[in-house]
Amino acid sequence: MEKSKSNELIDEVLCSADLSDRAWMLINKYKKQITLCIATCCVLLAILGLAMVIYNSGINAMKNAFMKLETDEQKLYFANKYKSKQLGGVVFMELADRAYKSGVFDVAADRYNNARISLKNSPPGSRAAIGACVSLIKAGKIDLGKQNLLKLSQDGSAPSSLRAEALMLLARFFQHNKDIKNAAAALEQVISGNFGSNWKAIAEDTRNEMEI
């Protein structure tokens with residue numbers, strides 16, 4: 001009751017006080033709430049500061065580890081450790097290119113796929129996606145490689161250039177297997193689709209070359 005009467009008295013005084021007096025009285029009336037709010041803000045700022053320190057420390061550690069990479073074993077360990085980072089994808093891409101050039105296509109396909117996961121829909125990520133499909137075909141896993149190219153060509157979330165390239169490769173694949181009907185259908189999708197004038201011109205030239 002005493003606390004209620006005290007608050008009522010403060011409210012009455014507030015009505016007749018000037019602006020500075022009112023501010024001071026409000027601070028006194030709600031000082032517990034204000035103190036709690038300030039303490040909460042300080043704790044949140046401290047947590048945010050600690051998170052930033054940890055994040056920057058992790059970034060610096062990754063950069064330092066990258067600069068020290070020499071052997072393929074070190075690079076593979078680094079790429080797997082930082083698979084969720086773009087730098088990990090860059091290293092996976094290097095290892096994939098090396099495996100492809102060496103003719104170890106199974107390994108190349110796996111590493112291109114990991115690179116695409118890290119690099120997502122960036123231009124290098126698109127190259128990794130195509131590389132994974134081509135590597136599977138060269139490794140003798142022709143049906144799987146073709147299925148993956150088809151999935152890429154129909155993936156609405158993928159860059160249009162990636163989808164167009166997948167269709168062009170499918171057209172070449174069908175042509176190689178003397179499947180002219182499906183080759184023509186793949187090229188027509190590029191020509192009639194929203195892939196840009198460059199891809200349309202390439203598809204038209206390819207169709208003329210195939211004499212379809």
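1. Ala 132 belongs to helix 7, and in this predicted model the residue is buried, with a relative accessible area of 10%. Leaving out residues up to four places away in sequence, Ala 132 touches Ala 109, Tyr 112 and Asn 113. With Asn 113 the C-alpha separation is 5.6 Å, although the two residues stand 19 residues apart along the chain.

2. Ser 126 is also found in helix 7, which covers residues 123-138. Because the limit for a buried residue is under 20% relative accessible area, Ser 126 counts as buried at its 10% relative accessibility. Apart from neighbours within four places in sequence, the contacts of Ser 126 are with Lys 120, Asn 121, Pro 159 and Leu 162.

3. On the overall fold, the protein has 11 helices and 0 strands, so that a reader following the sequence meets the pattern α-α-α-α-α-α-α-α-α-α-α, with no strand to consider. Of the 212 residues, 27% count as buried, and the accessible surface comes to about 13,900 Å², of which carbon and sulfur atoms hold 58%. Among contacts with a separation of 6 or more, 39% come from residues that are 24 or more positions apart.

4. The largest nonpolar core has 23 residues, and the members that touch the most others are Ile 130, Leu 149, Leu 152, Leu 162, Leu 187, Val 190 and Ala 203. Two or more residues come from each of helix 7, helix 8 (142-154), helix 9 (160-176), helix 10 (180-192) and helix 11 (197-210), and helix 9 gives the most, with 9 residues. As background, nonpolar side chains in soluble globular proteins tend to be buried together. One of the members named above, Ala 203, touches Met 168, Leu 187, Val 190 and Ile 191 when residues up to four places away in sequence are not counted. A second core, separate from this one, has 17 residues, including Met 62, Val 91, Tyr 112 and Ala 128.

5. Ser 118, in helix 6 (residues 105-119), deserves a separate remark. The residue is buried, with a relative accessible area of 2%, and its side chain reaches the backbone oxygen of Lys 83 at 2.4 Å. Setting aside neighbours within four places in sequence, Ser 118 is in contact with Lys 83, Lys 85, Gln 86, Gly 88 and Gly 89.

6. Lys 85, one of those contacts of Ser 118, sits in the loop between helix 4 (72-81) and helix 5 (86-101) and is partly exposed, with a relative accessible area of 35%. Beyond neighbours within four places in sequence, Lys 85 is in contact with Met 62 and Ser 118. The C-alpha atoms of Lys 85 and Ala 115 are 9.9 Å apart in space, while the residues are 30 positions apart in sequence.

7. The salt bridges number 7. In one of them, the side chains of Lys 75 and Glu 94 meet at 2.6 Å, N to O; since Lys 75 lies in helix 4 and Glu 94 in helix 5, the pair ties together parts that are 19 residues apart in sequence. Lys 75 counts as buried at 11% relative accessibility, whereas Glu 94 is partly exposed, with a relative accessible area of 30%. These two residues also belong to a network of salt bridges that links Asp 72, Lys 75, Glu 94 and Arg 98.

8. Another salt bridge joins the side chains of Asp 106 and Lys 141, at 3.3 Å from N to O. Asp 106 lies in helix 6 and Lys 141 in the loop between helix 7 and helix 8, so this pair ties together parts that are 35 residues apart in sequence. Asp 106 counts as partly exposed at 42% relative accessibility, and Lys 141 is partly exposed, with a relative accessible area of 40%.

9. Glu 209 forms a salt bridge with Arg 172, in which the closest N and O atoms are 3.0 Å apart. The pair links distant parts of the chain, with Glu 209 in helix 11 and Arg 172 in helix 9, 37 residues apart. Glu 209 is exposed, with a relative accessible area of 52%, while Arg 172 is partly exposed, with a relative accessible area of 34%.

Technical notes. Residues are numbered from 1 along each chain as its sequence is written. This is a predicted model: local features need pLDDT of at least 70, side-chain atom pairs count only at pLDDT 80 or more; totals for chains, interfaces and linings use all residues. Side-chain values use heavy atoms; hydrogens and water are left out. Helices (H or I, at least four residues) and strands (E, at least two) are DSSP runs, numbered from the N terminus. Buried means under 20% relative accessible area, exposed over 50%, partly exposed in between (1.4 Å probe, protein chains only). Contact means heavy atoms within 4.5 Å. A polar contact is a pair of N or O atoms within 3.5 Å; within protein, one must be able to donate a hydrogen and the other to accept it, and residues adjacent in sequence count only if both atoms are side-chain atoms. Accessible areas come from the Shrake-Rupley method with a 1.4 Å probe; for residues, only the protein chains shown count as cover. A nonpolar core is a set of buried Ala, Val, Leu, Ile, Met, Phe, Trp, Tyr and Cys residues joined through side-chain atoms within 4.5 Å. A salt bridge is a side-chain nitrogen of Lys or Arg within 4 Å of a carboxyl oxygen of Asp or Glu.
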